[in-house]
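Me: I'm new to reading protein structures, and I keep running into labels that nobody explains. Can we go through some of them together?

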Amino acid sequence: ELGIDAERSLSDDLQGKAILLYSRLGRDPSGSQIDLDADGDQVRAQLEEENTIQKELISRIELAWSRWDNHSIQFDIERADNILDNSLVFTDDIGAGPIVIDVPGGNTKVDEARWNFLFRDTWNMGKFNLEYGINYELSTISQSGDADQKRSFNYFKPRVVLPYSPKQGSQTRFRFEKEVSQLDFRDFVSATIF
């Protein structure tokens, strides 16, 4: 994983920040099973060899504007590219030599291009703070290899948080927020279970 960020003042009232994050994870899991008869002789051998590479590149620009008294306005734009590339070889040997068995969905590549836009205002009112805003996410996921599919998703994610702090160390908070979880790309890939 490698990340870098830079922050600077763009004017008296405007702060800017740029973030870049890249991660890569490679895995080569394998599994096997040998079946024996009652005499202890091998009657079957199965072997699974898998190669998985996951990559993610995130770039984000954050702008914070503080011109109005008691307000902090934030705008973010983010682009994320996610890739999962999986290959699977499964062999089955019942005595005549190993035979490669096709596992549908085991050899596939999943690509996601996701945009996220955020607008938020935090309004300080003494013992109350009001944080409100909206997030918009637009995502296109495509799959190639054993299965060719493409789908697009878009979500509005509103958020309102109202904390009340009557004294030091005491806070009551009301929150209304729509959350959308990210997909686990491993759910797009078939696996074998012995």
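Below is a chat about the labels used for this structure, which is a predicted model.

Me: Let's start with single residues. Why is Gly 145 called exposed?

Reply: Its relative accessible area is 54%. Exposed means over 50%, so with 54% Gly 145 earns the label.

Me: Where does Gly 145 sit, and what does it touch?

Reply: Gly 145 is part of strand S8. Setting aside neighbours within four places in sequence, Gly 145 is in contact with Asn 107 and Thr 108. As for Ala 45, it is 100 residues from Gly 145 in sequence, and their C-alpha atoms are 27 Å apart in space.

Me: What makes Gln 46 count as buried?

Reply: Gln 46 has a relative accessibility of 12%. The limit for buried is under 20%, so 12% puts Gln 46 in the buried class. Gln 46 lies in strand S4. Not counting residues up to four places away in sequence, Gln 46 touches Gly 31, Ser 32, Gln 33, Phe 90, Thr 91, Asp 92 and Phe 194.

Me: And Asn 70, what is there to say about its phi?

Reply: Phi of Asn 70 is near 65 degrees, which is a positive value in a residue other than glycine. Asn 70 lies in the loop between S4 and S5.

Me: Is Asn 70 buried or exposed, and how do you know?

Reply: Asn 70 comes out at 51% relative accessible area. The cut-off for exposed is over 50%, so Asn 70 is exposed.

Me: Now for pairs. How do you know that Arg 60 and Glu 78 form a salt bridge?

Reply: Their closest N and O atoms are 2.7 Å apart. A salt bridge needs a side-chain nitrogen of Lys or Arg within 4 Å of a carboxyl oxygen of Asp or Glu, so this pair passes.

Me: Why does that pair tie together separate parts of the sequence?

Reply: Arg 60 lies in strand S4 and Glu 78 in strand S5, so the bridge links parts that are 18 residues apart in sequence.

Me: What other salt bridge does Arg 60 form?

Reply: Arg 60 also pairs with Glu 62, and there the closest N and O atoms are 3.1 Å apart.

Me: How accessible are these three residues?

Reply: Glu 62 is at 18% and Glu 78 at 12%. Buried means under 20%, so Glu 62 is buried and so is Glu 78. Arg 60 has 27%, and partly exposed covers the range between 20% and 50%, so that is the label for Arg 60.

Me: What makes Glu 137 and Lys 157 a salt bridge?

Reply: Their side chains meet at 2.9 Å, N to O, and the limit is within 4 Å, so the label fits. Glu 137 lies in strand S8 and Lys 157 in strand S9, so the pair ties together parts 20 residues apart in sequence. Glu 137 and Lys 157 are both buried.

Me: Which residues form a network of salt bridges?

Reply: Arg 120, Glu 131, Arg 159, Arg 175, Glu 177 and Glu 179 are joined into one network by salt bridges that share partners. Across the whole structure, a search finds 12 salt bridges.

Me: Which residues make up the largest nonpolar core?

Reply: Five residues: Leu 84, Val 110, Ile 141, Phe 185 and Val 189. A nonpolar core takes buried residues joined through side-chain atoms within 4.5 Å, so these five count as one set. Leaving out residues up to four places away in sequence, Val 189 touches Glu 50, Leu 84, Asn 86, Gly 105, Gly 106 and Thr 108.

Me: Last topic, pockets. What lines the largest pocket?

Reply: The largest pocket has a volume of about 290 Å³ and a lining of 21 residues, with Asn 116, Leu 118, Arg 120, Asn 135 and Lys 157 nearest its centre. Strand S8 gives the largest share of that lining, six residues. By class, the lining divides into four nonpolar, five polar and 12 charged residues.

Me: And what about the second largest pocket?

Reply: Its volume is about 230 Å³. The second largest pocket is lined by 14 residues, and Gln 54, Lys 55, Glu 56, Asn 82 and Phe 185 lie nearest its centre. The classes there are five nonpolar, four polar and five charged.

How values were computed
Residues numbered from 1 in each chain as written. Predicted model: local features only at pLDDT ≥ 70, side-chain atom pairs only at ≥ 80, totals over all residues. Heavy atoms only, no water. 1 Å grid on protein atoms, 1.4 Å probe; cavity = no way out; pocket = protein on both sides within 12 Å on 5 of 7 lines; lining within 4 Å. Points joined across faces, edges and corners; volume = space filled by probe spheres on them. Helix = DSSP H or I, 4+ residues; strand = E, 2+ residues; numbered from the N terminus. Nonpolar A, V, L, I, M, F, W, Y, C, P; charged D, E, K, R; others polar. Buried < 20%, exposed > 50% of the residue type's maximum accessible area, 1.4 Å probe, protein only. Contact = heavy atoms within 4.5 Å.
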